[in-house]
Amino acid sequence: MIWNQEMECLPREERRALQLYRLRRTLRRVYETIPAYRRKFDEAGVKPDDLKHLEDLQKFPFTSKDDLRDNYPFGLFAVPLKDVVRIHSSSGTTGKPVVVGYTREDVDLWAETIARTICCAGGGPDDIIQVAYGYGLFTGGLGLHYGAEKIGATVIPISGGNTKRQVMLFEDFGVTMLACTPSYSLCIAEMMDEMKVDRSKLKLKAGVFGAEPWSNSMRNEIEERMGLKAYDIYGLSEIIGPGVSSECEYQDGLHICDDHFIPEIVNPDTGEVLPEGEKGELVFTCITKQAFPTIRFRTRDISRLTTEPCRCGRTATRMERTSGRTDDMLIIRGVNVFPSQIESVLMEIEETEPHYLIVVDKRGSMDELEIRVEVREQIFSDEVRKLEELQHKIRKEIESVLGISAVVRLVEPKTIERSMGKAKRVVDRRTLENGPETGGKVS
Ligand code: DLL
């Protein structure tokens with residue numbers, strides 16, 4: 001089911017005309033109401049009326065996380081606080097948190113984008129949706145909640161944690177859809193194994209997973225272990241929360257709600273806009289939000305775009321699943337390494353569990369990469385020679401993919417800390433900014 005046939009299938013030219021109209025209106029509004037934007041526009045020598053075509057957006061300055069921090073907490077709001085009905089915030093690892101606000105209209109818009117997301121994943125009014133994203137300042141829980149209610153589904157607002165109860169409700173309430181982070185879904189799957197739940201007796205058909213990077217191999221693992229179809233959903237607090245883009249049944253990129261959020265791809269080093277199809281950093285501009293209309297926000301997420309219509313009939317711009325963040329990239333002995341590359345290798349190896357931790361440290365002047373990965377129960381109790389063989393196999397695979405050597409440590413099942421929200425999979429001891437080594441960021 002397509003939630004909003006008219007807007008989601010709008011012909012390209014009409015879509016562009018609508019974007020242009022909304023964008024011009026928004027630029028004028030932020031210039032008039034938010035001093036920080038006015039200052040930035042003036043410094044860059046641009047005025048809202050300089051935007052004649054959509055392509056002119058490139059002339060306008062970027063907004064970064066630093067701008068949000070500099071204007072903490074409410075400096076980038078375009079409406080007085082009395083019109084703001086909701087505040088959300090994301091913690092991040094350093095400095096002040098990011099604070100975002102929503103008017104009543106914004107909350108409705110958010111529910112609309114999530115309604116599209118859930119329908120994209122095959123959901124509808126007959127579904128029973130268990131929302132196991134964290135409720136609170138994190139946008140995951142309440143974001144999914146309002147969208148699910150909007151389509152008339154039955155919502156179970158359980159939030160993250162209490163994993164045994166999550167499983168019990170699947171059985172007792174006949175839950176058909178699950179919403180949580182991909183890493184938490186694996187934690188639930190583990191509990192299902194422990195409780196010896198017969199998957200065929202459950203009604204689970206789909207999961208809407210996001211808020212953290214996950215590979216296609218991780219998707220296969222989740223689908224197999226949970227007995228459902230796993231859809232990728234993407235979003236960020238600075239734009240609206242979840243509801244920015246989502247996969248449909250063809251899983252051929254994520255449909256962006258680009259009648260509300262205009263995407264661009266830029267070269268992360270130079271900021272230059274790249275042609276369609278090229279890989280780079282995603283940038284979004286909100287063109288309908290009232291309280292917090294972000295202009296050209298640098299997400300640091302890496303993706304590419306296509307405006308080709310999808311086989312499902314939707315015409316919105318699609319983004320490729322994000323393969324990581326520009327600031328996720330580790331430079332180890334001069335080589336660029338993305339955690340997603342390591343994850344892909346580990347997921348292909350049958351004897352390992354999908355739980356791992358990447359530790360980077362310095363030994364003397366040399367960087368050292370250590371990969372800790374859990375081994376399946378039956379393998380762990382095997383003879384030492386078999387474990388050594390497995391260790392060797394992983395080391396070789398990693399070396400051939402990354403081009404550098406790694407120390408591989410096989411650890412006992414269930415010894416790497418599980419997370420209820422976003423998993424923390426990298427500890428870089430070369431920098432002091434990282435949290436505790438087994439800590440999971442609960443969102
Ligand atoms: O994570 C919003 C969200 C909630 C999205 C629930 C999906 C589901 P933040 O906490 O502000 O907001 O974190 C945003 O998380 O810039 C990406 O780096 C990452 N991220 C979100 N979704 C995905 C995804 C929420 N599907 C940051 N794949 C973003 C990869 C994702 N990374």
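**Close-ups of cavities, salt bridges and the ligand site**

**View 1. The largest cavity has a mixed lining.** Sort its lining residues by class and you get five nonpolar, four polar and five charged. Keep in mind that this is a predicted model. The cavity has a volume of about 80 Å³, and 14 residues line it, with Glu8, Arg116, His255, Ile256 and Cys257 lying nearest its centre. Helix H1 (5-8), helix H5 (104-120) and strand S9 (254-256) each put at least two residues into the lining. H5 gives the most, with four residues. The count for the structure comes to three cavities of 30 Å³ or more.

**View 2. The second largest cavity has no charged residues in its lining.** Its volume is about 60 Å³. The lining has 10 nonpolar residues and two polar ones. Leu68, Asn71 and Tyr72 are among the lining residues, along with the stretch Pro73, Phe74, Gly75, Leu76 and Phe77. Pro97, Val98, Val99 and Phe292 line this cavity too.

**View 3. Aspartate 56 pairs up with lysine 59.** These two form a salt bridge, with the closest N and O atoms 3.4 Å apart. It belongs to a set of 44 salt bridges found by a search of the whole structure. Is each partner buried or exposed? Aspartate 56 has a relative accessible area of 10%, so it counts as buried, the cut-off being under 20%. Lysine 59 is partly exposed at 45%.

**View 4. Glutamate 353 meets arginine 225 in a salt bridge.** Their side chains come to 3.1 Å, N to O. Glutamate 353 sits in strand S17 (residues 352-363) and arginine 225 in helix H9 (residues 216-226), so the pair ties together parts that are 128 residues apart in sequence. Both ends are tucked away: glutamate 353 is buried, with a relative accessible area of 13%, and arginine 225 is buried as well, at 14%.

**View 5. Aspartate 301 reaches arginine 325.** The salt bridge between them has its closest N and O atoms 3.2 Å apart. This pair links distant parts of the chain, 24 residues apart: aspartate 301 is in strand S12 (residues 297-303), while arginine 325 is in the loop between strand S14 (318-319) and strand S15 (330-332). Aspartate 301 counts as buried at 9% relative accessibility, whereas arginine 325 is partly exposed at 24%.

**View 6. A salt-bridge network of four residues.** Which residues are joined into one network by salt bridges that share partners? They are Glu221, Arg225, Glu353 and Arg376. Two of these names go back to View 4, where glutamate 353 and arginine 225 form their bridge.

**View 7. The ligand and its surroundings.** There are 20 residues around the ligand, and the closest are Asp232, Ile233, Ser237, Asp301 and Lys422. Aspartate 301, then, turns up here as well as in the salt bridge with arginine 325. How do side chains meet the ligand's nitrogen and oxygen atoms? On the nitrogen side, an N or O atom in the side chain of aspartate 232 is 2.7 Å from a ligand nitrogen. A polar side-chain atom of threonine 322 lies 3.4 Å from a nitrogen atom of the ligand. On the oxygen side, lysine 422 has a side-chain N or O atom 2.8 Å from a ligand oxygen.

Conventions
Residues numbered from 1 in each chain as written. Predicted model: local features only at pLDDT ≥ 70, side-chain atom pairs only at ≥ 80, totals over all residues. Heavy atoms only, no water. Buried < 20%, exposed > 50% of the residue type's maximum accessible area, 1.4 Å probe, protein only. 1 Å grid on protein atoms, 1.4 Å probe; cavity = no way out; pocket = protein on both sides within 12 Å on 5 of 7 lines; lining within 4 Å. Points joined across faces, edges and corners; volume = space filled by probe spheres on them. Nonpolar A, V, L, I, M, F, W, Y, C, P; charged D, E, K, R; others polar. Near = heavy atom within 4 Å. Polar contact = N/O pair within 3.5 Å; in protein donor to acceptor, adjacent residues only side chain to side chain.
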